[in-house]
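Please look over the sequence and the structure shown below before reading on. The briefing that follows takes a newcomer through a set of local features and then through the pockets.

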Amino acid sequence: MNNQSNNTLFTGKVAIQLRSVDSTNKYAQELLTKSTPIEGTVIVADEQYAGRGQVGSSWLSAACQNIILSVLFHPKFLLAKQQFYLNAAISLGIYHFIQQFPIPKTVKIKWPNDIYVGNQKIAGILIENTLKGTYLDWSIVGIGINVNQETFSETLQNPSSIKLLTGQEWNLDNCLQALYTCLEQQYLRIKTGDLVQLRADYINKLFQLGEEKKYFLEQEKRAITGTIEGVDAYGRLMLAYENRLQAFDMKEIRPILR
Ligand code: BTN
């Protein structure tokens, strides 16, 4: 299988295709220590046996059914304190990729970077950055998208896949080509400094935006009712509750979904 890109400037032009690997993000990290890859190099795997998820969790994905990918971007023009914009660009790229399928439900970005359809997660993102001084250097953008998987471990909260949502099987090579294009389009927006509009677009697609919902405050260990108003320039979630508007970092808050 050759997963090189046909229709991008640099994303996926170099593709490393692996049958089975512990984690494509880990493989990318090792590649960075041994060489200077071309920006946009992708590592694609049929299967991971130690896939990594956010906040130390694991990512489970059935062999040969889904997208398991890490992309090496080199956003050296972005200050470390602006790294939210990379997260926004990648989330929007995946959002637009998912939007291309005939899915009869709304696609949303669950802050900070899960892709949801209705109340179900179909894609996850794990971005691991290296820094040079106050700027980003390399960024390993790990992406897992459930494409053709139909059954999931019971330990996962609300998983779904493109196949479950569309009733059809999808060709993974074609999916990858389309994904490379969507990711590059959004990544180029950070390169050209389209940050204000990028943030506005990201906010516009947020799961539960403007809806009064229940959230759990991890530090105070209590449930509240609040409304997402947006994210600030650092990517913190702005939530209105109990007559105030407060910014939250990751790990400080989570939605109570049921
Ligand atoms: C999450 O939602 O918890 C993030 C999941 C990220 C999974 C992808 S799969 C490809 C890449 N390699 C990994 O080990 N993790 C990411």
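In which loop is the place of Ser23? Ser23 sits in the loop between β1 (15-21) and α1, and this placement, like everything else in this briefing, is read from a predicted model. The points below begin with Ser23 and other residues in loops, then turn to the backbone, the aromatic rings and the pockets.

**Polar side chains in loops**

- Ser23 has a relative accessible area of 2% and therefore counts as buried, since the cut-off for that class is under 20%.
- From its loop, the side chain of Ser23 reaches two backbone nitrogens, that of Asn25 at 3.2 Å and that of Lys26 at 3.1 Å.
- Glu39 is placed in the loop between α1 and β2 (42-48), and with a relative accessible area of 16% it is buried as well.
- The side chain of Glu39 reaches the backbone nitrogen of His74 at 2.6 Å, and it also makes a polar contact of 2.7 Å with the side chain of Tyr187.
- Ser153 belongs to the loop between β7 and α3 (162-166), where its relative accessibility of 30% makes it partly exposed.
- The side chain of Ser153 is in polar contact with the side chain of Thr155, at 2.5 Å.
- Ser153 and Ser61 are 92 residues apart in sequence, while the distance in space from C-alpha to C-alpha is 9.5 Å.

**Backbone features**

- As background, most residues other than glycine have a negative phi, and most peptide bonds are trans.
- Which residues does a cis peptide bond join? The bond is the one between Trp111 and Pro112, with omega at about 0°, and Pro112 itself lies in the loop between β4 (107-110) and β5.
- Val55, a residue other than glycine, has a positive phi near 40°; Val55 is found in the loop between β2 and β3, and it is exposed, with a relative accessible area of 59%.
- Asn243, which is not a glycine either, has a positive phi of about 65°; the loop that holds Asn243 runs between β10 (237-241) and β11 (244-248), and the residue is exposed there at 87% relative accessible area.

**Aromatic rings**

- A search of the whole structure finds 10 aromatic pairs, and one of them is formed by Phe97 and Phe101, whose ring centres are 5.2 Å apart and whose planes meet at 80°, an edge-to-face arrangement.
- Are the two rings of that pair buried or exposed? Phe97 is buried, with a relative accessible area of 0%, and Phe101 is buried too, at 9%.
- Phe10, Phe73, Phe77 and Tyr187 come together in one aromatic cluster, and Tyr187 is also the residue whose side chain is in polar contact with that of Glu39.
- Over the face of Phe10, another member of this cluster, lies Lys191, at 5.2 Å from the ring centre.

**The largest pocket**

- The largest pocket has a volume of about 1100 Å³, and 46 residues line it, with Gln54, Ser57, Lys110, Asp114 and Lys121 lying nearest its centre.
- Several elements each supply at least two residues of this lining, namely α1 (24-34), β3 (67-73), β5 (114-117), β6 (120-132), β7 (135-145) and β12 (253-255).
- Which strand gives the most to the lining of the largest pocket? That strand is β6, with four residues.
- By class, the lining of the largest pocket divides into 23 nonpolar, 16 polar and seven charged residues.

**The second largest pocket**

- The second largest pocket has a volume of about 480 Å³, and of the 20 residues that line it, Gln83, Phe84, Asn87, Pro112 and Met250 are the closest to its centre.
- Pro112, listed here among the residues closest to the centre, is also the residue that the cis peptide bond joins to Trp111.
- α2 (84-99) and β6 each supply at least two residues of the lining of the second largest pocket, and β6 gives the most, with four residues.
- The lining of the second largest pocket is made up of 11 nonpolar, six polar and three charged residues.

How values were computed
Residues are numbered from 1 along each chain as its sequence is written. This is a predicted model: local features need pLDDT of at least 70, side-chain atom pairs count only at pLDDT 80 or more; totals for chains, interfaces and linings use all residues. Side-chain values use heavy atoms; hydrogens and water are left out. On a 1 Å grid over the protein atoms alone, a cavity is a set of points where a 1.4 Å probe fits but cannot get out, and a pocket is an open set with protein on both sides within 12 Å along at least five of seven lines; lining residues have an atom within 4 Å of a point. Grid points are joined across faces, edges and corners, and a volume is the space filled by probe spheres set on the points. Ala, Val, Leu, Ile, Met, Phe, Trp, Tyr, Cys and Pro count as nonpolar, Asp, Glu, Lys and Arg as charged, and the others, Gly among them, as polar. Rings of Phe, Tyr and Trp (its six-membered ring) pair if their centres lie within 6.5 Å; planes under 30 degrees apart count as stacked, over 60 as edge-to-face and the rest as tilted. Buried means under 20% relative accessible area, exposed over 50%, partly exposed in between (1.4 Å probe, protein chains only). A charge sits over a ring if NZ of Lys or CZ of Arg is within 6 Å of the ring centre and within 35 degrees of the ring normal. A polar contact is a pair of N or O atoms within 3.5 Å; within protein, one must be able to donate a hydrogen and the other to accept it, and residues adjacent in sequence count only if both atoms are side-chain atoms.
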